[in-house]
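Colleague: Got a minute to walk me through this one? I'd like to talk about the aromatic rings, the core and a pocket.

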Amino acid sequence: MKRRWVVSYDIASPSRRRRVVQCLLDHGERVQESVYELLLREGEWGVLCGVLNGLIDPVEDQWRAWPLCEADHADAIQLGLPSPEPPTHAVVV
């Protein structure tokens, strides 16, 4: 079973921020500058929390997360530009 999470951060250091961004992009999609939506399998959340905690400086940085049930996700409202759809085929650059 998968669970959806919304994760945000406020990271002081550009190098730490880049590492956090890459970690979050490895697990989901960016929906705003420092806000990500992740869909994780059972057990992945605990591992990801440990990784994020290891990437930040708890004195200067913070990250927060909110679990979303399917009903909450279905009720989400989006205004403005739509999120890009992930490619359904290979992309060659």
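Modeller: Sure, here are a few questions and answers on this predicted model.

Colleague: How are the rings of Trp5 and Trp45 arranged, stacked or edge-to-face?

Modeller: Their centres sit 3.9 Å apart, with the planes at 5°. Planes under 30 degrees apart count as stacked. So the Trp5 and Trp45 pair is stacked.

Colleague: Which parts does that pair tie together, and how many residues apart are they in sequence?

Modeller: Trp5 belongs to strand β1, while Trp45 belongs to helix α2. The pair therefore links parts separated in sequence by 40 residues.

Colleague: Is Trp45 buried or exposed?

Modeller: Buried means under 20% relative accessible area. Trp45 comes in at 18%, so it counts as buried.

Colleague: And what kind of pair do Trp45 and Trp63 form?

Modeller: Here the distance is 6.0 Å centre to centre, with 75° between the planes. Over 60 degrees is the cut-off that matters. That makes the Trp45 and Trp63 pair edge-to-face.

Colleague: Which element gives the most to the largest nonpolar core?

Modeller: That core has 18 residues, and Trp45 and Trp63 are among the six that touch the most other members. β1, α1, β3 and α2 each supply at least two residues. With five residues, the top contributor is α2.

Colleague: What volume does the second largest pocket have?

Modeller: Its lining includes Trp5 and Trp45, and divides into six nonpolar, one polar and five charged residues. β1 gives the most to that lining, with three residues. The pocket's volume is about 170 Å³.

Methods. Residues numbered from 1 in each chain as written. Predicted model: local features only at pLDDT ≥ 70, side-chain atom pairs only at ≥ 80, totals over all residues. Heavy atoms only, no water. 1 Å grid on protein atoms, 1.4 Å probe; cavity = no way out; pocket = protein on both sides within 12 Å on 5 of 7 lines; lining within 4 Å. Points joined across faces, edges and corners; volume = space filled by probe spheres on them. Helix = DSSP H or I, 4+ residues; strand = E, 2+ residues; numbered from the N terminus. Nonpolar A, V, L, I, M, F, W, Y, C, P; charged D, E, K, R; others polar. Core = buried A, V, L, I, M, F, W, Y, C linked by side-chain atoms within 4.5 Å. Buried < 20%, exposed > 50% of the residue type's maximum accessible area, 1.4 Å probe, protein only. Phe/Tyr/Trp six-rings, centres within 6.5 Å; stacked < 30°, edge-to-face > 60°.
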